[in-house]
Each structure stands twice: as C-alpha cells, then as structure tokens.
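Reader: I would like to go through this model with you, a few questions at a time. Shall we begin with the ligand and work outwards?

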Amino acid sequence: MTLQIHNTFNAISIGDITQSEFANILKSYKNAQKVVITDENTHELSWPYILTSFEELNTAEVIVLPSGEENKDIEICEQVWDTLLDYDIQRSDLIINLGGGVITDLGGFIASVYKRGIRFINIPTSLLAMVDASVGGKTGVNFRGFKNQLGVFALPQAVFCDPIFLKTLPENEVLSGKAEILKHGLIASAPLWKEMLKFKENLPDKQLLHKAILIKSDIVEQDFNEKNERKKLNFGHTIGHALESHLLNKDNPTTHGECVAWGMLVESYLSVKHNHLSESEFEMVKDLISSWYAPLPISKDDFPVLLQLMKQDKKNKGDLINFTLLKEIGNAEINKELKEDEIEKGLQYIFG
Ligand code: NAD
C-alpha cells in the first residue's frame with residue numbers, strides 16, 4: 001500500500017509506484033503525447049523499470065540529458081524546448097520527469113514555461129529529490145554561476161516517490177539526501193532528528209520518507225510563496241548554496257546535500273551566537289555532521305567569494321544577509337539578518 005500526502009499544493013504517493021494512481025493518470029492521457037525527461041544514469045537504471053511496468057509508456061518520447069548540476073542550465077532547456085517543438089508537443093500533452101533534483105528542477109521549469117505551461121509529473125529517483133526537490137513546486141535553473149537564479153513556482157500534477165529506485169543510488173548521493181532529512185528534523189521535528197541517528201548505514205524506509213516529506217509539504221501548505229514559514233526550509237542553504245556554487249565554479253562539484261550539511265553546521269554555530277541555540281545541542285549537530293560528511297576543500301582564502309555568493313541570494317536586503325537559525329533542535333526562526341563579519345566568524349570556526 002502506498003502512503004499518501006494530499007493537500008492544496010501537493011499530491012504525493014510514497015511507496016510502490018505500480019500500486020499507485022500513476023497507471024490511472026496515464027490512462028487519462030490516453031490520446032496525449034507523453035515525454036519522459038531523464039538523465040543518462042536514470043535512463044539506464046530507473047527508466048527500464050518504469051517502461052516495463054506501464055505499457056502506456058511504450059510510445060512515450062524519451063529525452064536523455066547529461067547528468068550533473070552543471071547541466072541545470074538554460075542552454076539545456078533550449079535544447080529540450082527545440083525537441084518538444086520537433087515532437088509537436090501541445091499544451092494537452094504530459095511531461096514526466098524521471099530523475100534526481102536536477103531533472104525535477106529542470107524538467108519542471110521546462111514544462112511550466114513551454115507554451116505557457118504544460119502538465120508534468122515528478123518521479124524522483126534520488127533520495128534528495130524524494131524528500132525535497134520534487135515536492136513543493138519550486139523549479140528552475142542556475143544562471144551566471146549562481147544557484148536557481150531563473151525559475152518559477154509550478155506544481156507537478158502528482159509526485160510518485162518509490163524507494164525501489166534508491167537501490168541503485170550511489171552511497172554519496174544517499175548521504176546527500178539524508179542531509180535534507182536531517183534539516184527537516186532540525187527545523188521542525190526533534191524526534192525525526194533523533195530517528196535519523198539510526199539511519200547512518202541504512203536506506204530510509206517508506207515510513208521515514210513519509211515523515212520527512214510531510215514536514216516539507218506542511219510548511220509549503222502554510223506558505224507556498226515563501227513569504228515567511230517556508231523560509232525555514234532554507235536552513236543551511238544560505239551557506240550551503242554558496243559552497244555548492246563555489247565548488248562547482250572551481251570544477252570540484254560536490255553534492256547538494258554535503259554542501260547543505262556543512263552549511264547547516266556553520267549556521268548552527270551562528271545559531272549559538274545569534275539565536276540562543278545551546279552549546280550542547282550545537283555539539284550534537286557538530287558530532288553528527290563531522291562524522292557523516294567528509295571535510296570540504298574550503299579554507300580562509302575562499303571566504304570572500306563565499307560571502308559574495310551569499311549576497312546574491314534572493315532573500316537578502318542591503319548589506320545584511322538573511323538566515324534561518326535554530327532556536328533548539330526541532331525549532332527554527334526566520335529572518336535573522338547577519339553582517340558579513342559575523343558570518344565570517346562562523347566560517348572561520350568550521351573551516352578555518
Ligand atoms: P541529481 O539530480 O544531480 O542526482 C544526483 C546523481 O544521482 C546524478 O548523477 C543522477 O544521475 C544520479 N541518480 C539519480 N537517481 C539515481 C538512481 N536511482 N540510481 C542511480 N543514480 C541516480 O541531484 P540531487 O541530489 O537529486 O538534487 C540536487 C538538486 O536539487 C540541486 O540542483 C538542488 O538545487 C535541487 N533542489 C531543489 C529543491 C526544490 O525545492 N526545488 C530542493 C532541494 C534541492
């Protein structure tokens with residue numbers, strides 16, 4: 001049996017996709033063209049399972065993109081839009097994004113802009129895409145070396161999270177996805193944070209996925225357009241995105257989750273200094289992150305460019321940089337504005 005999350009903005013099924021509504025949805029598109037957007041890895045490892053499970057997809061067009069964050073790019077979108085025009089895809093047709101967060105971000109953006117928006121379904125295949133990227137309607141691409149600078153809020157018709165795909169996911173990508181589950185625990189659920197401690201070696205099961213996704217979808221439900229509550233999901237990301245962009249620009253791509261994990265550690269330190277997080281809870285976060293995640297190749301010389309990248313973040317005002325900080329494990333507060341020298345002290349403490 002699949003677990004369901006249905007609310008205003010999300011229709012998410014967690015569990016065996018062959019037992020889900022997916023087949024019925026495909027039947028409802030009987031006379032429409034279906035286009036699957038996938039990357040080279042998920043084309044090889046995930047698509048055969050979907051193709052053999054759903055005969056309605058025998059006639060689908062399949063677009064295979066190169067994998068990797070460096071391809072979350074407007075040029076790739078243009079190539080896909082050209083292909084959609086070649087296939088004569090119309091507004092009544094359907095796009096299915098089958099892949100990690102790069103594919104769901106990119107494919108969602110491609111679908112929502114093409115002919116002013118055609119419907120799309122996400123089938124996330126990475127842990128990170130299941131618990132975070134495929135849910136909540138943020139789509140987009142990187143631009144001029146900055147993360148997610150172009151994009152729109154656009155909701156998939158449905159999301160199908162089937163843990164079967166995690167079996168082929170490389171270990172470092174599993175660890176990357178776990179960072180976002182840890183984040184959900186840190187910002188909203190001390191029990192989830194504690195439960196994650198048991199999952200260092202194991203793949204999350206359906207129940208754990210459900211708990212993690214529910215936290216995100218509840219927050220999105222309260223504040224779809226990110227005016228307040230949704231900013232909590234940015235915990236770890238102000239610094240994490242800067243780390244991710246900087247390492248990508250240095251030709252040293254590092255997984256989104258690893259960068260977010262280290263971002264969360266610096267931001268936990270800032271939470272002690274500027275938001276009353278206790279030293280003892282900070283030590284717990286530090287022990288976990290520094291034992292699960294390999295150190296990043298970041299030193300003092302990188303701080304100026306990291307601060308520059310943080311300033312580009314969409315959530316800032318003037319010279320102050322906006323953070324979500326922890327008050328305690330399971331409780332986050334938004335709109336904490338810090339000065340560059342305060343942030344640098346945090347970077348120095350963790351990477352100096
Ligand atoms: P990804 O899509 O690059 O996937 C990571 C790697 O795993 C890729 O090489 C991919 O080919 C491979 N892969 C995926 N599924 C696989 C499987 N089942 N078996 C084997 N290999 C598989 O990256 P990601 O970590 O999934 O997502 C990161 C992206 O998500 C970033 O661009 C980030 O900005 C974005 N993101 C978006 C949101 C949002 O709300 N829209 C939230 C969090 C992250």
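Author: Gladly! A polar contact here is a pair of N or O atoms within 3.5 Å. Please keep in mind that the model is predicted.

Reader: With that cut-off, how far is an oxygen atom of the ligand from an N or O atom in the side chain of Ser-126?

Author: Ser-126 is listed with Asp-39, Glu-69, Lys-147 and Thr-168 as the closest of the 28 residues that surround the ligand. A polar contact needs a pair of N or O atoms within 3.5 Å. The side chain of Ser-126 meets that limit, with an N or O atom whose distance from a ligand oxygen is 2.5 Å.

Reader: Thanks! And how much of the ligand's own accessible area does the protein cover?

Author: Lys-147 also reaches the ligand, with a side-chain N or O atom 2.7 Å from one of its oxygen atoms. From Gly-101, a backbone N or O atom lies 2.7 Å from a ligand oxygen. On its own the ligand has 860 Å² of accessible area, and the share covered by the protein is 92%.

Reader: What is the make-up of the shell around the ligand by class, and how many of its residues are charged?

Author: Elements that give two or more residues to the shell include helix H5 (101-113) and strand E8 (146-153). Sorted by class, the shell has seven nonpolar and eleven polar residues, and its charged residues number ten.

Reader: Turning to the nonpolar cores, which helix gives the most to the largest one?

Author: The largest nonpolar core has 91 residues, and Phe-22, Met-310 and Phe-351 touch the most other members. With ten residues, the helix that gives the most to this core is H11 (residues 256-275).

Reader: Is Leu-182 buried or exposed?

Author: Leu-182 is found in helix H7 (residues 171-188). Beyond four places in sequence, its contacts include Trp-193, Met-264 and Trp-292. Its relative accessible area is 0%, which is under the 20% limit, so Leu-182 counts as buried.

Reader: Last one: which residue in the loop between helix H9 (206-222) and helix H10 (237-249) has a positive phi?

Author: Most residues other than glycine have a negative phi. Asp-88, in the loop between helix H4 (74-86) and strand E5 (94-99), has a positive phi of about 60 degrees and is partly exposed. In the loop you ask about, a buried residue has a positive phi of about 55 degrees although it is not a glycine, and that residue is Glu-226.

Conventions. Residues are numbered from 1 along each chain as its sequence is written. This is a predicted model: local features need pLDDT of at least 70, side-chain atom pairs count only at pLDDT 80 or more; totals for chains, interfaces and linings use all residues. Side-chain values use heavy atoms; hydrogens and water are left out. Helices (H or I, at least four residues) and strands (E, at least two) are DSSP runs, numbered from the N terminus. Buried means under 20% relative accessible area, exposed over 50%, partly exposed in between (1.4 Å probe, protein chains only). Contact means heavy atoms within 4.5 Å. A nonpolar core is a set of buried Ala, Val, Leu, Ile, Met, Phe, Trp, Tyr and Cys residues joined through side-chain atoms within 4.5 Å. A residue is near a molecule or strand if one of its heavy atoms lies within 4 Å of it. A polar contact is a pair of N or O atoms within 3.5 Å; within protein, one must be able to donate a hydrogen and the other to accept it, and residues adjacent in sequence count only if both atoms are side-chain atoms. Accessible areas come from the Shrake-Rupley method with a 1.4 Å probe; for residues, only the protein chains shown count as cover. Ala, Val, Leu, Ile, Met, Phe, Trp, Tyr, Cys and Pro count as nonpolar, Asp, Glu, Lys and Arg as charged, and the others, Gly among them, as polar.
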